[in-house]
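Reader: Hello! Could you take me closely through one part of this model, the enclosed space and what surrounds it?

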Amino acid sequence: MLVAEDDALSRTLLERTLQRAGYEVISVENGAQAIAELVKEDAPRLALLDWIMPEVDGVEVCRELRRRKDQAYTYLILLSSRESKEDIVAGLESGADDYLTKPFNVDELKARLRTGLRILELEDHLVEARESMRFQATHDLLTSLWNRGVIVELMTHEIMRSRRERSCTSVMMCDIDHFKAVNDQYGHATGDDVLREVARRLHNSVRSYDMVGRYGGEEFLVALNKCNPGSAISRAENLRNKIAGRPIQTANKPVSVTISIGLALSTEFTECTIEEIMHHADMALYAAKAAGRNCVRVARPSGIGTPTDEQPKETQVLTP
Amino acid sequence: MRQPKWALKELIDRLDGDREFLRELLVIFRQDVRVNLQKSHEAIGSSDYEQLSRAAHTMKGMLRNLSMDVAAETAAALETASRESRGSDSKELLERLEKELEEILPEVESQLAGVRS
């Protein structure tokens with residue numbers, strides 16, 4: 001915990017009392033140092049602040065810390081030798097959780113610190129629960145990828161942004177080939193292992209700012225941000241190879257699977273809605289399946305092309 | 001009822017009988033009370049009441065922490081007087097505080113000497 005007290009004698013007394021009570025104490029001599037300590041990473045969560053300190057006083061420390069809402073809660077106790085009611089109200093309104101009058105009574109000090117710890121513990125539980133709920137609400141339970149709602153929303157934002165910035169977002173619909181056969185042959189537990197591993201490989205094969213989500217049963221949606229249109233196909237091929245390249249070690253036995261990919265570039269569909277772009281990617285995926293699976297097909301405004309197309313030609317168009 | 005100048009026994013109880021720690025605190029006290037008296041005189045000289053009330057506040061805290069209640073009350077009165085810029089009251093209270101401290105300091109010294117031996 002932190003002790004901020006300008007008077008050396010009080011500081012020493014507090015420090016020793018708190019150390020005896022089992023606290024690890026960092027002590028500082030003024031408010032500015034207190035703020036600097038309390039905003040650090042892994043800062044103390046419990047602080048005893050003297051009310052009157054030169055330049056930055058305890059009340060100002062409280063105000064400053066409460067202004068910063070981005071960090072974990074710090075329990076703040078003001079130490080005051082004043083006794084008037086207005087001061088106490090002003091102190092609490094600045095964001096202090098509690099106050100103590102000096103000279104402090106050791107048992108009271110300890111009891112109030114325990115109250116602080118109880119509140120902090122409660123806060124930690126709540127934050128943990130909230131984070132866990134947030135994760136569950138946004139991620140797919142089996143693969144821990146973004147869930148369908150979130151990946152579509154993130155991709156929508158990304159395409160909007162790439163349109164403003166005149167960059168390109170690649171949308172890839174990836175589907176595991178013959179997945180039903182995996183389930184039928186090896187059982188659903190193995191099928192789940194396969195889904196998890198495909199998800200992991202896709203996730204590990206893109207940059208940290210790209211997005212991968214589970215779109216449906218065995219279907220994954222990958223969005224590559226700021227993607228060079230010329231390299232989108234090779235990146236799709238790379239994803240395909242990551243899956244086809246080596247068998248998946250399941251709890252049961254190694255299982256070889258492949259994926260088919262339908263690719264749509266946002267720059268090719270500047271007039272389309274997000275739903276239409278996804279529909280085009282989906283059509284390209286169907287075309288990849290029809291072409292024998294384990295391959296990539298590209299959606300063009302005029303139809304579907306193969307990865308080797310430089311210029312989409314009429315003959316390669318597979319109209320949906 | 002007259003308050004004791006220095007409730008030493010109460011202080012030692014508060015420190016769980018740790019005489020070594022008492023000594024440590026008294027060393028700080030001896031040093032800091034001198035510094036703050038010095039500051040107070042300077043402040044009175046230049047009618048800097050903010051500086052004076054701050055020094056008085058610090059001394060009040062120290063004295064209360066050490067159970068030197070009579071002098072602590074004088075320091076508290078000095079803090080109030082100087083905050084209200086009452087010049088002659090402040091001067092008088094500072095003189096009184098100094099006298100009270102003069103009575104305590106030899107006791108502090110003998111404590112320090114006693115623990116050391």
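Author: Happy to! Helix H3 (residues 49-65) of chain B gives the largest share of the lining of the largest cavity, four residues. Helices here are DSSP runs (H or I, at least four residues), numbered from the N terminus. Before going on, please keep in mind that this is a predicted model, where local features need pLDDT of at least 70, side-chain atom pairs count only at pLDDT 80 or more, and totals for chains, interfaces and linings use all residues. Residues are numbered from 1 along each chain as its sequence is written, chains are lettered from A and ligands numbered from 1 in the order in which they are written, and side-chain values use heavy atoms, with hydrogens and water left out.

Now the space itself. The largest cavity holds about 60 Å³. A cavity is a set of points on a 1 Å grid over the protein atoms alone where a 1.4 Å probe fits but cannot get out, and lining residues have an atom within 4 Å of a point. Grid points are joined across faces, edges and corners, and the volume is the space filled by probe spheres set on them. From chain B, the lining includes B:His57, B:Thr58, B:Gly61 and B:Met62. Chain A brings A:Glu5, A:Asp6, A:Asp7, A:Ser10, A:Asp50, A:Ser81 and A:Lys102. By class, this lining has one nonpolar, five polar and five charged residues; Ala, Val, Leu, Ile, Met, Phe, Trp, Tyr, Cys and Pro count as nonpolar, Asp, Glu, Lys and Arg as charged, and the others, Gly among them, as polar.

The structure has two cavities of 30 Å³ or more, and the second largest holds about 30 Å³. Its lining draws on A:Leu13, A:Thr17, A:Phe104, A:Val106, B:Arg14 and B:Leu15, which divide into four nonpolar, one polar and one charged.

Both linings take residues from chain A and chain B, so let us turn to how the chains meet. Here 17 residues of chain B are in contact (heavy atoms within 4.5 Å) with 14 residues of chain A. Together the chains bury about 1600 Å², 59% of it on carbon and sulfur atoms; this is the accessible area (1.4 Å probe) that two parts lose on being put together, summed over both. In chain B, B:Phe21, B:Arg64 and B:Asn65 lose the most area to chain A, together 32% of what that side buries.

Terms used
1 Å grid on protein atoms, 1.4 Å probe; cavity = no way out; pocket = protein on both sides within 12 Å on 5 of 7 lines; lining within 4 Å. Helix = DSSP H or I, 4+ residues; strand = E, 2+ residues; numbered from the N terminus.
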